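Q: Please take a close look at a single part of this model. Tell me what surrounds it, and then set it in its chain. Keep it simple, as I am in my first year.

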Amino acid sequence: MIKFDRFTLSNGLTVIVHEDNSSPLVAMNILYKVGARDEDAHKTGFAHLFEHLMFGGSINISSYDEPLQMAGGENNAFTNNDITNYYLTIPSQNLETAFWLESDRMLSLAFTEKSLEVQRNVVVEEFKQRYLNQPYGDVWLMLRPLAYKVHPYQWATIGKEISHIEDATLQDVKSFFKKWYAPNNAILTLVGNCTLETAKQLCEKWFEPIPVSNIPVRNLPIEPKQSEKRTAEINKPVPNSNIYMVWHCCSRLDPEFYATDLLSDILARGKSSRFYLRLVKELKFFTDISAYMLGDLDKSLFMIEGKLVNGISMKDAEDAILNELEKIKHDISEQELQKVKNKVESSLVFSEMSLDSKALNLAYYELIGDANLVNEQITKYQGIGSIEIMNIAKEIFHPENCSVLYYNATK
Amino acid sequence: MLNRTESPALNQSADIKIPEAKIIYINDNIPVIIVNEGTQEVMKVELVFSAGNISEEIPMLASAASELLDEGTRKRSSAEIAEALDNYGAYFQTECGNDFASVSLYSLSRFLPKTLPVLLEIIKEPAYPEKEIATFCVQGKQRLAVNQEKVDFLARKHFINSLYGNQHPYGHFPSEQDFDTLTPEKLISFHKKNYLNGLVAIVIAGKFNDEQLNLAINEIKNASFKKGNVEKLTIPSSPDALQLHIPKEGAVQSAIRIGRRLFNRKHPDYFKFTILNTILGGYFGSRLMSNIREDKGYTYGIGSGIIPQFFDGYFFISTEVGSDVCSEAIKEIHFELNRLISEAIPSSELNLVKSYLTGSFQRSIDGPFSLSDRYKTLVLNGLELDHYYAYLNTLKNVTSEELLETAHHYLEVIHMTQVIIGP
């Protein structure tokens, strides 16, 4: 049970505080409600490029990292399709430094040509390192546009293509900031050695003066129902062939989320899962196979990715997967359901071991409705029955809802 | 009016006090590190064995023995083992390093009576079935093939090969042929020597009650492992600095590794070198990151590190850069090495790194798992708690002049081995 307090500043910034005196540190997490889905189709990769620029100095402070390190702090950030998240941990006696730094970059950035030019290059190298220069690194660059024709989930966080990043101008990034970075579009959480009183006082001092901004109402196109199976192929000199299958499924916000998540666990979580026992151990078709749902805030994807044993054909591999999916529509035992529920409970408890993950969890649950969901997850999973899971399987696993990427090794 | 241009006053942290762990000894003096704190009722039970790469007579044996532990015991199949742990949401982890191999169980504390016996069965009675070995080899070969396509993997491999020679346990990387030498007999005899007779330390960490702790200690006692010792290892003399460029067609980035053999935690210059390394490439604001990523934009990331081993240790710089700027990047790396040798570090920069490292150390003792890892490092390397206090003391007092001298000793470019993988 995580006890917390919540308050909202007059400019709309939501603040959540969880005091944990077992540590001399405090974690601060700031979640901005903007991600790659909010980008213009001709200017993709901006949310992520912007995350890089947030470290290039703010309006009153030339460097973000130096003063933080001087105060013994450490930080990082990530961007996904829905959110951009910044987090740090700092010894509690220097907590005010974190307020100073984070509030100034929420207020405004320095926006220098030099910082933009360098971060453009860095992100281009990141694109190459993670997506182009790795075997199978380009999978999501292919899969997303196959599965989504209308919704902005059709591009990856890194962007559709390198040129979008190379062409980014200072004006572009300034307007992106103005549009999305504001107190009324963010959630701040504090976890650790910090009282509610201190949190309030520091928030009022540093964050409250930041003006509220007009955040556009998000009005994203809805992905039309898919009506036939889609396939694509990549032929490359990779060591082994892989198969990637995605189905449209519910979002993180839908009540079906929990059953869908358990469905993926029964199929593929751990060495006693169906896929592992049947497809890896018994049939020996795959060296590794996983299943998971992406859990995006809009209608999301259910993904199965399998690494084929050399000499196994794509057809046999795909049929074997489909065969397992057919079975799970009609049969889930109570025992295997209880097993995956226990696994979920255990991983939720373990995920609350560190201050920064607690801080992120609280912020994320607040985003999707209520920070207190953090305390209700186990109950929500426990309440799911096998019929619900089988119904989800029947609903999503049919060919017209599926996109497949065949990644063929050409050696 | 709020002054946003000036940093709030910084408070020096009071002297760091490392929370005490309890260490007891069982079965012929095997240390048990006990850390009971935190907020979550979970437990980690870890057993460390002298079963790392240095204990193997043929390549790959140590890592295969470790990875195949849970693939079947004399009583249960691999599926049954997985099921037995999965039923309680417990996780099982094996690690095989150069010096030691360890096996850990992560479990909700209330399920420990159900999960710990499974862990001990896995470690005590692995069957190493032929069928599972075959699967392991198929998977291992496939992983290896994928890695062979990655420039950073190849750079690491050739770099380590050059430092220790590719036949030495510290320098060897598994090849495809190594997989074909595995047999159940070799695994069983390795297991007997290095696991059943090779326990060197036990860690019990998390939040638990006395009953759970006593259960853990008694179960481990009753498993009656024999105490192990680290194998003697001959370390070859340091090789001449080597320059290797291995072509990789079609790579859009080149991987670079630059470094040399150095020393381990027991060397008198270890702490000073750790601080120097941080300044060079050990944190986000390091000189290499500032210059090569933040100023030039040649890379997504660049870093350096010192790897202390039970015997010996080494230092390395690693990065992946756009292939077109590879030689410029190397020039800048050399420039930064030379700068550390020829100019004293400005006090503002040194103070920053001291604060950063002090904060990092605080983070590294936060929470029962991290704290127990710190104690494990001490126990495995035959060090005492004063080792960390000596480090904190060095952090507080070291001067730029002392670091200049340390840099001069260890960071000359002519002593560096350099490996490039790329077009």
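A: Here is a close look at one helix, then a loop residue, then the whole chain.

This is a predicted model: local features need pLDDT of at least 70, side-chain atom pairs count only at pLDDT 80 or more, and totals for chains, interfaces and linings use all residues. Residues are numbered from 1 along each chain as its sequence is written, chains are lettered from A and ligands numbered from 1 in the order in which they are written, and side-chain values use heavy atoms, without hydrogens and water.

The helix is α13 of chain A, residues 355-367. Helices are DSSP runs of H or I with at least four residues, strands are runs of E with at least two, and both are numbered from the N terminus. Start with length. Helix α13(A) has 13 residues, so at 1.5 Å a residue it should span 18 Å. The expected span is 1.5 Å times one less than the number of residues. Its end C-alpha atoms are 18 Å apart, which agrees.

Now look at burial. Buried means under 20% relative accessible area, exposed means over 50%, and partly exposed lies in between, with a 1.4 Å probe and protein chains only. In α13(A), the buried residues include A:L355, A:K358, A:A359, A:L362 and A:E366. A:N361, A:A363, A:Y364 and A:Y365 are buried too. An α-helix has 3.6 residues a turn, so residues three or four places apart point the same way.

What covers them? The cover includes strands β1 (5-8), β2 (14-19), β3 (25-32) and β6 (186-192) of chain A. Helices α12 and α14 (377-382) of chain A also take part. Contact means heavy atoms within 4.5 Å. Just after α13(A), A:G369 takes a positive phi of about 145 degrees.

Two of those strands frame a loop. A:P24 lies in the loop between β2 and β3 of chain A. With 34% relative accessibility, A:P24 counts as partly exposed. Leaving out residues up to four places away in sequence, A:P24 touches A:P91, A:S92 and A:N193, as well as B:Q362 and B:D366 of chain B.

Step back to chain A. The chain has 15 helices and 11 strands. Its radius of gyration is 23 Å, close to the 22 Å that the globule rule gives for 411 residues, so chain A is as compact as a globular protein of that length. That radius is taken over C-alpha atoms, and the rule is 2.2 Å times the number of residues to the power 0.38. Buried residues make up 62% of chain A.
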